Amino acid sequence: MSRIVVHGLEKSYGDARVLERVNVTAEAGEFLSLVGASGCGKSTFLRILLGQEQQSGGVVIVGDSPIVPEPTPQRGIVFQRYSVFPHLTAIQNLLLVEDFRSGGPFGRVFGVRRRSARQEAEAMLERVGLAHARDLYPASLSGGMQQRLAIAQTLLGRPQILLLDEPFGALDPGIRVEMHELLTELWTEHGMTVVMVTHDIGEAFKLGTRVLVFDKVRHDPQFPSAYGATITYDLKLDRKNRASSRDVAKVAAMVGTARPDAAMATTASQGRS
Amino acid sequence: MLARGIGIMNAVSEAGGEGTRPPQPGPKVRLRMINARVSRGGALFLGALPFLVAAGAYLIASGKRLDANPADKLLPSPAQMWSAFLDLATVPDKRSGDLILWVDTYASLVRLFAGVAAATLVALSLGIAIGFIPRVRAFLLPFVTVVCVIPPLALLPILFIALGLGETAKITLIAIGVAPVMVRDIANRVMELPPELIAKAQTLGGNSWTMVLRLVLPQVMPRLITCVRLALGPAWLFLIAAEAIASTEGLGYRIFLVRRYLSMDVILPYVAWITLLAVITDWLLVRLSRALSPWAHPVEAK
């Protein structure tokens with residue numbers, strides 16, 4: 001629903017440069033998959049978009065104006081871990097969204113508004129297949145159920161941008177495929193712009209409309225942290241016409257960590273279905 | 001290991017083959033000490049054993065001394081202690097007409113709970129502020145850290161001089177004695193909250209205050225109750241110290257008063273009574289924690 005423009009983004013921790021010269025423009029409704037070797041700064045990039053960390057240089061514009069340097073309801077987030085509030089049951093986690101949004105100084109809505117919030121929350125639980133778990137605490141939900149709850153909670157916040165930080169990294173392969181379907185459906189329904197960090201090349205190609213590879217282009221053998229990573233490859237995908245296995249193999253080779261055959265298998269199965 | 005392996009092979013061949021006999025129970029395996037489980041009855045017996053040993057040792061020693069000298073005051077028999085305790089609990093004092101045990105208990109508990117409650121309120125508000133708001137942390141954390149290492153009993157004379165010998169000084173001693181550690185503990189717990197949760201709450205529209213109400217407060221509540229449980233030990237210490245020095249009633253006052261007459265038949269039941277009160281308080285706090293934060297006690301709640 002909102003455009004993202006990143007221009008000349010830089011991030012350093014002391015002398016160590018993590019990101020440099022990152023330029024990217026995403027149109028509203030795009031689904032960006034961010035891949036790259038471990039420690040290449042793609043999660044840092046996501047946290048800058050979120051506002052949890054501040055860039056050392058450059059601008060990030062969401063919609064029409066530079067982002068506020070703190071997390072706001074404009075940008076929703078789903079993390080890999082700690083993605084829901086452990087002290088609230090499933091339904092309470094979803095009600096919390098309305099409580100925070102319009103609960104005033106008590107952080108809680110009452111009366112008619114609470115009833116409508118409850119209806120909305122129950123509908124959302126139903127939508128993500130958690131109606132049977134409405135009164136359970138996250139500790140007694142499986143990893144996949146917790147991530148479904150986290151996505152539901154984030155969507156109730158109606159963000160313009162959805163940020164996903166390896167949201168399915170800790171899930172079993174079977175559950176992961178289910179989650180892919182759910183996410184694709186929700187993305188089609190809501191039409192927000194999505195930025196997802198993932199280690200799984202197959203997942204990146206399957207879900208994204210665009211795959212961005214983060215890598216270092218400059219190396220200083222005497223001082224490895226002198227240069228940061230940037231976007232080295234930007235591949236636009238056509239949803240109807242899936243990526244060729246050559247593209248997948250190429251990206252897998254660039255990232256260097258994932259096995260290209262496994263990645264291709266995931267994409268191929270997606271192409272058939 | 002070998003015996004176990006053969007046992008498994010037997011079981012497999014029987015399951016897959018012709019015999020319908022149930023598999024033989026394998027030879028009894030000696031587990032490592034850390035893996036040997038304790039049955040319910042066994043746990044009850046083992047738990048009761050130290051109590052029984054202590055009571056038995058006391059009874060034997062007391063019996064021997066009383067045999068040698070029936071007027072001995074150092075190790076009174078259980079009957080003597082019970083009658084002394086009953087006297088204090090049911091017979092009005094000749095001079096004041098009070099039931100001494102209940103007057104003492106009431107006075108001590110009021111001081112204890114007032115002191116601990118004040119410390120808890122301070123710990124909750126300061127601890128959350130220090131842990132959650134960087135500016136307050138920069139402002140107060142060094143001060144609290146220094147205050148933490150002052151021995152509270154060294155402050156007692158100052159409190160008596162500044163606040164008089166009344167209740168205020170005693171309650172203040174308890175509060176000052178336990179609050180700094182609690183403040184630091186709560187602040188640490190708040191700082192340990194996963195940054196992901198705080199970021200997520202902000203993306204859902206939480207502001208600093210509503211996040212305190214809906215995120216930080218419920219998350220630190222179990223830790224706060226644990227803190228109070230741990231603080232109750234030092235709180236009793238400060239209470240009894242303060243009562244021993246300047247008081248006219250209270251459990252600590254009574255113990256130190258009758259010490260002059262070597263009245264072990266009063267001191268020992270009083271110590272047992274204090275222990276009982278402390279155990280009950282602790283048990284109630286555990287129940288409270290389970291009622292307030294069922295999410296933090298997933299196993300016990302089932």
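**Close-up 1. Where the two domains of chain A touch.** In this predicted model, 13 residues of domain 1 of chain A are in contact with 9 residues of domain 2 of chain A. Look for helix α5 (residues 173–190) of chain A, which gives the most to the domain 1 side, with 7 residues. That side divides into 11 nonpolar, 1 polar and 1 charged residues. To find your way, note that the domain assignment places domain 1 at 4–74 + 160–272 and domain 2 at 85–158. The centres of these two domains of chain A, taken over C-alpha atoms, are separated by 28 Å.

**Close-up 2. Chain A meets chain B.** Here 30 residues of chain A are in contact with 21 residues of chain B. On the chain A side, the elements giving two or more residues are β6 (75–78) and α2 (90–102). Which element gives the most to this side? It is α2(A), with 5 residues. By class, the chain A side has 16 nonpolar, 9 polar and 5 charged residues.

**Close-up 3. Two helices packed together in chain B.** Helix α7 (residues 167–191) and helix α9 (residues 208–245) of chain B pack at an angle of about 150 degrees, and their axes are 8 Å apart. Angles over 145 degrees count as roughly antiparallel, so that is how α7(B) and α9(B) run relative to each other. Their crossing is right-handed. Among the residues making the contact are B:Leu173, B:Ile174 and B:Met182 of α7(B), and B:Val220, B:Leu224 and B:Phe238 of α9(B). Sorted by class, this helix contact has 16 nonpolar, 1 polar and 5 charged residues.

Conventions
Residues numbered from 1 in each chain as written. Chains lettered and ligands numbered in written order. Predicted model: local features only at pLDDT ≥ 70, side-chain atom pairs only at ≥ 80, totals over all residues. Contact = placed C-beta atoms within 7 Å. Helix = DSSP H or I, 4+ residues; strand = E, 2+ residues; numbered from the N terminus. Nonpolar A, V, L, I, M, F, W, Y, C, P; charged D, E, K, R; others polar. Axes fitted to C-alpha atoms, helices over the stretch in contact; angles between N-to-C directions. Parallel < 35°, antiparallel > 145°, perpendicular 65-115°, else oblique. Left-handed = near helix turned anticlockwise from the far one by under 90°. Domains from an automatic or database assignment.
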